[in-house]
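Let's take a walk through this structure together, one region at a time. Keep the 3D view open as you read, and turn it whenever a new place is named.

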Amino acid sequence: MPMTAPSPVRFGVVVFPGSNCDADAHHALSTFPDVDVDYLWHKDTDLKGVEAIVLPGGFSYGDYLRCGAIARFSPIMQSVIEFAEAGGLVLGICNGFQILTEAGLLPGALLRNTGLKFVCRYVNLRVDNGETAFTSACDEGDVLRIVVKHNEGNYTADPATLARMKADGQIVLRYVTAAGEQGDGANPNGAVDDIAGVCNQRGNVFGMMPHPENSVEAALAGGAGGRRIFQSMVDTLMAREVAR
Amino acid sequence: MTQRATFEAAVKLGLTADEYAHICEIQGGEPTYVELAIYSLMWSEHCSYKHSRPILGRFPTSGPRILQGPGENAGIIDVGDGWAVAMKVESHNHPSAVEPFQGAATGVGGIVRDIFTMGARPCVSMDSLRFGELTAPRQRFLLDGVVGGIAHYGNCLGIPTVGGEIYFEPSYEGNCLVNAMAAGMIRTDGIVRAIASGVGNHVVLIGSRTGRDGIGGASVLASQEFDETLEEKRPSVQVGDPFTEKKLIEACLELIHRKLVVSMQDLGAAGLTSSSSEMASKGAVGLDIHADRVPLREADMEPWEIMISESQERMLAIVTEEQLADVRKVCERWDLDCTVIGQVTDSKMLRIHWHGERVANIPARRLADESPVIRTPSVKPDYIVDEPVAVDDAAYPRPADLGAALAQLLAAPNIASKRWAWEQYDYIVQANTVQIPGSDAAVLRIKDSPRGIAFSNDCNGRHCYLDPYRGAKAAVAEAARNLACAGALPVAVTDCLNFGNPEKGEIYWQFEQAVEGIAEACEALDTPVVSGNVSFYNESFGQAIYPTPMIGMLGVYDDVGVHIDDAFKDEGDVIVLLGAEAGWMDGSEYQKVAYGKVEGRVPDVDLQLEVELQSKLRAAIEARLLKSAHDCAEGGLAVALAECAIASGVSGGAAFADPDAPQARERGAGRWLGAEVDLGSASIVTGAAGRPDLALFGEAPTRAIVTVAPALLRPLEAILDDLPHRVVGRVTGVDLRCTIDGEELFTIPVSEFHRAYESLPQRLA
Amino acid sequence: MNVRVHITPKEGILDPQGATVERALPALGFQGVSGVRIGKFIELAYEPPAGTTAEQARAHIDEMCRKLLANPIIEDFTFELDEG
């Protein structure tokens, strides 16, 4: 048992022009003890020594051309890619998830919702892999209630890729009913196999369409269903620190 | 460019002979074409308020909380702990009727700029929308486009759209109404006003390049009725770029917070013309503008086009020489154009230059303040009646099945759930939303403070048509009552007054009456009018819309934790009706839906009773006695009860209420709470008419339904004291059951009413 | 040179916009329409450095499309250019 208090784990939230959930991500992380949060500007390459990176939601570059297509070429993204290749934790939320697929850090792509309209509502997410750095504070089968709000959240990948992802435990979160079952209107956007969040093979890069940063305070409309996603990351980083 | 403009040119631009003569007098001769274009726009109804200014002075506009009343970009209200809320509503009716998606989108963009130009971070968007009946041609296209445009722009900006209204009346078929309201948070010591000062200071244009958007938009579209040439006016509509506006928000707030600008103004209606002349006039200074330095999107633009262009996403800042370098750096960081286009002078003249040649020289103050004032002689319309309708079996045959009548009302587009619309809006970004759309008011917390704010939008156009004075008064009362039901104290109003052609005596009468009604209610409820907008000429082919004075209201909480919503919570809770019992047929949704009529004399609001009811309701909520509260509005008592029951439901997929609440989990998915309600005696409740349907569906102001745990009924009654109120029933499981005179009217599972209430999407398929 | 790029959803990718338009046309009286796919059209003027061969220019544009203008996972593209 260390005699001194643990030093805070350091998160960086990237800000692209048009990101609009960066402040919410920053605020959500600040509600956790022993966490420091800093902003990372898209034009910079310096990651300021952070231990985990969040690519927040929003409309980077207005979603022009394709969601995340232009943001992926920001100077900061080169550093994020190197950080990920070295094993650093990267969480992409909504637009952040889109940027990660465009950058090739996650498989698949996000298409327009099948309903062709922006959807903002509560969804229930089943944890289908409770071992990742982003879900370790959950048990497999847990249902988290979190908000989605997007126009292009329809996850797709070709059948061969999907099969490989399933075999490797890369499908982390699925849309389900409150009772934990797929189907019955639980999927808000038509995503294949009700997929809401996936990680890379190595398990250090994770993308999810729902917004955990809007579900970290029980007193607010979003509830606190998203806390365990961030808690998992904090736990993982703390464990790494102790191991050093 | 300095060609003199003739009277014929003035007429083409929409000016009258008197106005042209006045311009010649001010300018000391015939004005140049650029000068005439500028006057024509600044003196249009939309920009100068020439028909409304003399009447609007009736509004109460000041109070201990009011930091800024009408006259600036937005009104500002102190909400405690060093925080203030900036608030304003604006109409974008005519552009939305032409191109609904972009019209609504740019409406949101425009009103948001009015908020952040004062240094406030925009934190709330709400929109009050009105269309013709969904069965009429084009209306679904308009609804779809308007909601889509609001979503597109507001979501991209990262501003939560937390509420609003949507109504459907034949009256709006040719003239839809899109009233966009926005609010923002600002520290009380950080307010920036749009006043130019400092001779020699730079005039800096920030944001998008200037094109031909909306050329003549204000005077061409907003000051005229629609006729067959509607389609020709399409090129005048502006297209919005929310991505640029998001960057503008960040850059401008940084400039303001770091005190890098002397003042700032957004470019809205009449573009550079109105912004520069208003800033100069307020500061009693002059401005020299070099139109040739304005960055352009289109080649070969003439100086008058540049001055009146309504290209979106542009801001004007007054900047000292010392500040300029830092201003450029901030703009560069956000990849925004930043161009010095002029300077502040002591000439008190607005001077426009074009490649070294002076093409306009106008006294700034006289341009901004001396537009003609016109008071049309008002005429009370013939259709106004002084007596309520006789509800006899001949004109109003009794319905056989009251349960079916309730379902029909719940499915009526004016009452049915608008979930289809608000689920297209991000209502939760910025992590402050406490109460999502669907309840009586939108509620937000203030970070790092126990305080909170709440907002409502209200107006019943039909009531205002039948009696503009009573209807407008009722709109204010209802907005305040909605806030009170959520536990908030109403503190200020922003109003959007939508009317027909003010040159007609009957319309002007409606306007005067409505303003009087609003003023009286605002005085009684202590909610000064801090900002607002007037939209005239909402007429097509000579037919005017219902007079529609939309009230946007702000409420505050010392402790936002006391807020409640309208959903039933627990079986056994006691249901109490607060306020007067009698409901009326006149102007009710029931009269329209069941009988196809709009007629009669709507009841008047007893403002003293209203103030007492709201105050006691709030006291009960602050004492944490109540489980729920809901205003009784369209559809009367029965609809209000059904809405409370429907809101209690939990479905298997997307949850409608809070499925995490322990009671909800126990009830299980797809289960609703119901109620057993005794409406009392028909003869008392509905007067001589003795009609159960009026007891159920009759409408009256100053009524609310609350629920309370049985153990807390006594303390509640102690607070209510001699406020008229009655225990009407209990929350039960599954069914809604109503009786009158001991006789059962219906017992129907709430799930069936839920189906009716959520049926709007079927009308849009 | 002037370049015109056509981008379409890959065969097999769900195209809800195309499907919606396909459903709407019969309601307006147009029968016999099928296979509606909705894509993007991009025009640009390209001035390559002096000495660039036509083949090299084509290769540059191909790379532009692969890297940014299209997403090869879900989109196909073709382009044409004229020296005008």
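Before we set off, please keep in mind that this is a predicted model. A good starting point is a single pair of side chains: E75(C) and R66(A) come together in a salt bridge, with 3.7 Å from N to O. This pair sits between chain C and chain A, where the count is one salt bridge. Polar contacts add to the picture, and six residue pairs make them across this interface, with both partners at pLDDT 80 or more. Which parts of chain C supply at least two residues each to the side that touches chain A? They are helix 1 (16-27), strand 2 (40-45) and helix 2 (54-69) of chain C. Sorted by class, that side of chain C holds nine nonpolar, three polar and three charged residues.

Now step back to see this contact as a whole. Chain C brings 15 residues to it and chain A brings 16 residues. Together the two chains bury about 1200 Å², and carbon and sulfur atoms give 67% of that area. On the side of chain C, the residues that lose the most area to chain A are P16(C), L68(C) and I74(C), which together account for 34% of what that side buries.

Next, follow chain A to its meeting place with chain B. Here 31 residues of chain A touch 38 residues of chain B. The area buried between these two chains is about 2900 Å², with 58% coming from carbon and sulfur atoms. How many salt bridges are found across the interface of chain A and chain B? There are five salt bridges, and one to look for joins R445(B) to E217(A), whose closest N and O atoms lie 2.9 Å apart. Across this interface there are also 16 residue pairs in polar contact, both residues being at pLDDT 80 or more. On the side of chain A, helix 1 (22-30), strand 6 (119-127) and strand 7 (143-150) are the elements that give two or more residues. Strand 6 of chain A gives the most, with five residues. By class, the residues on that side of chain A divide into 15 nonpolar, nine polar and seven charged.

From the interfaces we can move into chain B itself. Look for an open sheet of seven strands, arranged in the order 8-10-7-11-9-12-13 with mixed pairing. At its edges are strand 8 (263-266) and strand 13 (357-363) of chain B, each of which pairs on one side only. From one strand to the next, the twist averages 25°. In general, strands of a sheet pair through backbone hydrogen bonds, either parallel or antiparallel. Strand 7 (residues 202-207) and strand 11 (residues 337-345) of chain B run antiparallel, and six bridges join them. To find your place in this pair, look for V204(B), which stands opposite V340(B) in strand 11 of chain B.

Our last stop is a pair of helices in chain B. The axes of helix 15 (residues 402-411) and helix 27 (residues 750-757) of chain B come within 7 Å and cross at roughly 35°. Helix 15 of chain B takes part through G403(B), L406(B), A407(B), L410(B) and A411(B), while helix 27 of chain B offers F753(B), A756(B) and Y757(B). Seven nonpolar residues and one polar residue make up this contact, with no charged residues.

Technical notes:
Residues numbered from 1 in each chain as written. Chains lettered and ligands numbered in written order. Predicted model: local features only at pLDDT ≥ 70, side-chain atom pairs only at ≥ 80, totals over all residues. Heavy atoms only, no water. Contact = heavy atoms within 4.5 Å. Buried area = accessible area lost by both parts, 1.4 Å probe. Salt bridge = Lys/Arg side-chain N within 4 Å of Asp/Glu carboxyl O. Polar contact = N/O pair within 3.5 Å; in protein donor to acceptor, adjacent residues only side chain to side chain. Helix = DSSP H or I, 4+ residues; strand = E, 2+ residues; numbered from the N terminus. Nonpolar A, V, L, I, M, F, W, Y, C, P; charged D, E, K, R; others polar. Pairing = 2+ DSSP bridges. Axes fitted to C-alpha atoms, helices over the stretch in contact; angles between N-to-C directions.
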